Protein chains: 4
Amino acid sequence: MPVLGKTKQEVLSEFRCSEILEAARKVFAKKGFSQATVDEIAHTAGVAKGTVYLYFPSKRTIYLAALQHGIEALHQRTGERLAQAPTLAAKIRAFVETRVEYFDENRDFFKIYYSELGNIFMAPHRLSKELNQLYSRQARVLEALLAEGVRRGEIRAVPPGPTAFAIYDLTRGLIARRLLNGAKGGGKDDVEFLMDLVWKGIEQ
Amino acid sequence: MPVLGKTKQEVLSEFRCSEILEAARKVFAKKGFSQATVDEIAHTAGVAKGTVYLYFPSKRTIYLAALQHGIEALHQRTGERLAQAPTLAAKIRAFVETRVEYFDENRDFFKIYYSELGNIFMAPHRLSKELNQLYSRQARVLEALLAEGVRRGEIRAVPPGPTAFAIYDLTRGLIARRLLNGAKGGGKDDVEFLMDLVWKGIEQ
Amino acid sequence: MPVLGKTKQEVLSEFRCSEILEAARKVFAKKGFSQATVDEIAHTAGVAKGTVYLYFPSKRTIYLAALQHGIEALHQRTGERLAQAPTLAAKIRAFVETRVEYFDENRDFFKIYYSELGNIFMAPHRLSKELNQLYSRQARVLEALLAEGVRRGEIRAVPPGPTAFAIYDLTRGLIARRLLNGAKGGGKDDVEFLMDLVWKGIEQ
Amino acid sequence: MPVLGKTKQEVLSEFRCSEILEAARKVFAKKGFSQATVDEIAHTAGVAKGTVYLYFPSKRTIYLAALQHGIEALHQRTGERLAQAPTLAAKIRAFVETRVEYFDENRDFFKIYYSELGNIFMAPHRLSKELNQLYSRQARVLEALLAEGVRRGEIRAVPPGPTAFAIYDLTRGLIARRLLNGAKGGGKDDVEFLMDLVWKGIEQ
DNA sequence: AATGAATGAGTGTTCATTCAT
DNA sequence: TATGAATGAACACTCATTCAT
């Protein structure tokens, strides 16, 4: 019986969970929530349908878990990158770059991420509030940075909230276009252009 | 039999078509594509289900027709406003303002518009190409204006394509947030901020 | 357009409804509620599964409709027979005879009827109250007759309620046994014996 | 290794078996056969689902074992009481009283007992024959007593078989009603009434 | 013996689409 | 043209049973 770490059971269980989540991401990205079937997710994950329901109580739950999992990962990576960036400009660039990178690596996830943003306007599930927060959390990090920048006089007195959302929107649009067009190149130029536009827009 | 204009038949037919499309817009906005039912659309339009299929061959077609119809209207209104604006700055502002206005008036439609943008990344329907063009047509108008502005030296030498998409993205994000938050105010301030940011970003 | 009676549509609709109900009775009798499938009911009725749901909103509803339909018919026939019987003894005999006859003719229905009596003790559906009343209505008719008989001095002063239930139980048991054993004969002897026992039990 | 009595293994095995059976009785009574799950039975018994299948090969088997177990117990107790009763009247009363008592104590079991009686008419499982015998064994005891009573001239010349079933039916109905109504009182009056009715019905 | 993770067949219900009237 | 009854494929979710540990 292991004292530190996890039992064999727990490891296996987490592994299954990940496998299902990864399969779900693929399938949801390919088909969208409604057209995706639990059967296909199960098959993609290499397990039987019943097994999926051992780990997740409903199709919707799987979807949200996949979504949240991806957002958390993005959030964490963004946090790390921001911490390493010395100046405000560098931080903004890091924010944009991290996202471009992350979604280049996780195209499936972007489709889900972006798609769900569209559904947030639909008939309010109980979840849209949480989801809304999950999404806006990202913008709020940016907002804090900008507020700090304004206070320090690094940038002109733009309203931090709207500006943060603006950067957020620009980034999202950029990524969407990259994915739609087949994202040639490392995206350096794309990011460069975006940074140029934004910085000109907010500098002293 | 009328020689000019439409026969009684044609008028009636167009009328039915519009009614169904209007009903579809409401229902799709409320429920999303998957959760909307043809039955509900028919009922909302005040016709029988079979009648809907006399005018549209499938649910998806109704959806796309509603989408296209809305986009055309937006496009037309934008064109009119742009024509009246004297300067590049005025034109950009007109572009943004028209869209904010239009979607304020047609919230139902924005939900569909935005939602479908999310689905454009999904498994490529035959339609996504057309749809893609429908969407990007708007940005190309802007692109032309910006190219002209650069040529005339009204703005600095930004790449017109990416800049157009940037303005497009900013506008879309702004509208989405307005709708999500219940869009207080005429949106003057919102537009003002956006214009300020953009113009600073691109001016000489 | 018919002035009296029903339109062709209504006739057709009622016909379908009866067909489904009849099929349901057969299938429920053969399989029991849980093991019966809507598919089989539909197939037995000669319609598609979806059609069944045009007439009944759920499997349970079909079941209850079949049950109620049968009980109503029994109730009505019993009422007619009772009205024709001159004396109390004749009325009790009529009660028993009618039931024996009815269930001889509608064996399928008895199985449902009897089965559901068993389930009445289970976790209370919202329906068990109604169902309970539906069942006990029959006994209450008998109770009224007995009370009248006691008042007139036709029988000794037995408590009408319990006595009514007793006759009810005896009848039910008799029918069950007849069905289980393959019900030889018209049941005259069976009824005769039961009447003899009961009448001796309650006569002055 | 013990020569007389049971090995530790056997004792443990029987204990597990009883525990499962008791749990099954509760669950089947609460949910009915179809709605009960092996999972819930296992959980109620405090064992894992797999364990249940070490002792019983199928859900249906558990059900029948629980049923049989209850019937045997009732049968045994009835036998004891009958042996102590001196006269035929006393024996009949003992028969009825014992059953009322037993089911008052084992309400869960009555629900199963009664329910299954309803299902005995369904598509003949291989088991319905056994089950039928299990049920009718009780009536046959009564039949023998009545035959003896007739022979001795204690009662009039009623046919023992049908009369036995009649008493059986009356008793079952009485118990069902007691359980349905919440069984107020020790049931003395109920039994008294039933005995009065029956005895008047069969006395010389 | 005991476990509980894994399986996959089974089913009520929905709904886009068709078609006879 | 308009209707709405009929269709049947599709799908989420359940659960009895098995089996590796």
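Start by selecting DNA strand E in this predicted model and the protein around it. The strand is surrounded by 30 residues, and the closest are A:Thr51, A:Tyr55, C:Lys49, D:Thr51 and D:Tyr55. By class, this surface has 14 nonpolar, eight polar and eight charged residues. Colour the strand by sugar, phosphate and base: of its atoms within 4 Å of the protein, 62% belong to sugar or phosphate, and the rest to bases.

Next, zoom in on individual contacts with strand E. At D:Thr51, a polar side-chain atom lies 2.3 Å from a phosphate oxygen of the strand. At A:Ala48, a polar backbone atom is 2.9 Å from a phosphate oxygen. At C:Lys49, a polar side-chain atom is 2.6 Å from a base oxygen. Now select helix H3 (49-55) in chains A, B, C and D; these are the elements that give two or more residues to the surface near DNA strand E.

Then hide the DNA and show chains A and B. Their contact takes 39 residues from chain A and 39 residues from chain B. Together the two chains bury about 3200 Å², with 66% of that on carbon and sulfur atoms.

For the polar part of this interface, select A:Arg156 and B:Asp196, whose side chains form a salt bridge (3.0 Å, N to O). Four salt bridges are found across the interface, and seven residue pairs are in polar contact, both residues at pLDDT 80 or more.

Finish on the chain A side of this contact. Helices H1 (8-35), H6 (107-119), H8 (160-181) and H9 (188-202) of chain A each give two or more residues to it. H8(A) gives the most, with 12 residues. By class, this side has 20 nonpolar, 10 polar and nine charged residues.

Conventions: Residues are numbered from 1 along each chain as its sequence is written. Chains are lettered from A and ligands numbered from 1 in the order in which they are written. This is a predicted model: local features need pLDDT of at least 70, side-chain atom pairs count only at pLDDT 80 or more; totals for chains, interfaces and linings use all residues. Side-chain values use heavy atoms; hydrogens and water are left out. Contact means heavy atoms within 4.5 Å. Buried area is the accessible area (1.4 Å probe) that two parts lose on being put together, summed over both. A polar contact is a pair of N or O atoms within 3.5 Å; within protein, one must be able to donate a hydrogen and the other to accept it, and residues adjacent in sequence count only if both atoms are side-chain atoms. Helices (H or I, at least four residues) and strands (E, at least two) are DSSP runs, numbered from the N terminus. Ala, Val, Leu, Ile, Met, Phe, Trp, Tyr, Cys and Pro count as nonpolar, Asp, Glu, Lys and Arg as charged, and the others, Gly among them, as polar. A residue is near a molecule or strand if one of its heavy atoms lies within 4 Å of it.
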